[in-house]
Amino acid sequence: ATGTKNSTTFLRGDNTFAAAGGGKVLQVVFASHSTEVSSTSSTHADSGLTGAITPSATSSKVLVLINMADINKQAGDTGISLKLLRGSTEILEFAKVILNTGQTQELRAATGANFLDSPSSTSELTYKVTFNNTSNAGTTKVQANGCTSTMTLIEIGA
């Protein structure tokens, strides 16, 4: 191998030494919510699942991992839409009319999303999930029966 082995370099596949760079996990924040929230409106409501992180550099990225537990529709020909917001800005709609089968029976599911955000900020960032009742029919729920939804925020250095 060419180069010098030390605590800040690694041996690459081409048999040369190089400094490690980028992609380092700088911090991890975990949030959960297990209170059932219901809606009969097509207006998006807060699911209660919220997490906050303060990036250490403007070049950092934030990997958002979401698991929504026991989403549910009862009666009504409707579905559920789920959105991820950073502050008040929608950054991802990760379920659009889920559970809408054209039927009025009760349906349950779980869903999730992964999103790599580039917020360019060192201020505290709040991420939250909202949901709605897409057709204003019946009732939709998240965290039904006290099931726990989770959010993991991972700051990744440049």
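Begin at Asn136, which is partly exposed at a relative accessible area of 48%. This is a predicted model. Asn136 sits in the loop that joins strand E10 (125-133) to strand E11 (139-142). Check its backbone: phi is positive, about 55°, although Asn136 is not a glycine. In general, most residues other than glycine have a negative phi.

**Stop 2: Asp70**

Select Asp70 next. Asp70 also has a positive phi, near 40°, and is not a glycine. Its place is in strand E6. Is Asp70 buried or exposed? Asp70 is buried, with a relative accessible area of 13%. That value falls in the buried class because the cut-off is under 20%.

Now add Arg108. The side chains of Arg108 and Asp70 meet in a salt bridge, 2.7 Å from N to O. Arg108 belongs to strand E9 and Asp70 to strand E6, so the bridge ties together parts that lie 38 residues apart in sequence. Compare the two ends. Arg108 is partly exposed at 41% relative accessibility, whereas Asp70 is buried at 13%.

**Stop 3: strand E6 and its partners**

Select residues 61-74 to show strand E6. Which strands pair with E6 in the antiparallel sense? Strands E12, E9 and E11 do.

Take E9 (residues 107-117) to begin with. E6 and E9 run antiparallel and pair over ten bridges. For one position to label, pick Ile66: its bridge partner in E9 is Ala113.

Then show E12 (residues 149-156). E6 pairs with E12 over seven bridges, again in the antiparallel sense. Label Asn67 here, whose bridge partner in E12 is Thr150.

Finish with E11. E6 and E11 form an antiparallel pair over three bridges. The position to label is Asn72, which stands opposite Lys141 in E11.

**Stop 4: Asn72 and Lys141**

Zoom in on that last pair. How far apart are the C-alpha atoms of Asn72 and Lys141? The separation is 5.0 Å, although the two residues are 69 residues apart along the chain. Asn72 lies in strand E6. Asn72 counts as buried, with 0% relative accessibility. Lys141 is buried too, at a relative accessible area of 14%.

**Stop 5: the salt bridges**

How many salt bridges does a search of the whole structure find? The search finds five. The Arg108 and Asp70 pair, at 2.7 Å, is one of them. Two others are worth a selection.

Stay on Lys141 and add Glu36. These two residues form a salt bridge, with the closest N and O atoms 3.4 Å apart. The pair links distant parts of the chain: Glu36 is in the loop between strand E3 (25-33) and strand E4 (37-39), Lys141 is in strand E11, and the two are 105 residues apart. Glu36 counts as partly exposed at 35% relative accessibility. Lys141, at 14%, is the buried end. Lys141 thus appears twice on this tour: opposite Asn72 in the strand pairing, and as the salt-bridge partner of Glu36.

Move on to Asp46 and Lys128. Their side chains meet in a salt bridge at 3.9 Å, N to O. Asp46 is in strand E5 (residues 45-53) and Lys128 in strand E10, so the bridge ties together parts 82 residues apart in sequence. Which accessibility class holds Asp46? Asp46 is partly exposed, with a relative accessible area of 37%. Lys128 counts as partly exposed at 25%.

**Stop 6: Ser121**

End on Ser121, in the loop between E9 and E10. Ser121 counts as buried at 14% relative accessibility. Show its side chain together with the backbone of Ser123. The Ser121 side chain reaches the backbone nitrogen of Ser123 at 2.9 Å.

Which residues does Ser121 contact, leaving aside neighbours within four places in sequence? Select Pro55, Ala57 and Thr58 to see them.

How values were computed:
Residues numbered from 1 in each chain as written. Predicted model: local features only at pLDDT ≥ 70, side-chain atom pairs only at ≥ 80, totals over all residues. Heavy atoms only, no water. Helix = DSSP H or I, 4+ residues; strand = E, 2+ residues; numbered from the N terminus. Buried < 20%, exposed > 50% of the residue type's maximum accessible area, 1.4 Å probe, protein only. Pairing = 2+ DSSP bridges. Polar contact = N/O pair within 3.5 Å; in protein donor to acceptor, adjacent residues only side chain to side chain. Contact = heavy atoms within 4.5 Å. Salt bridge = Lys/Arg side-chain N within 4 Å of Asp/Glu carboxyl O.
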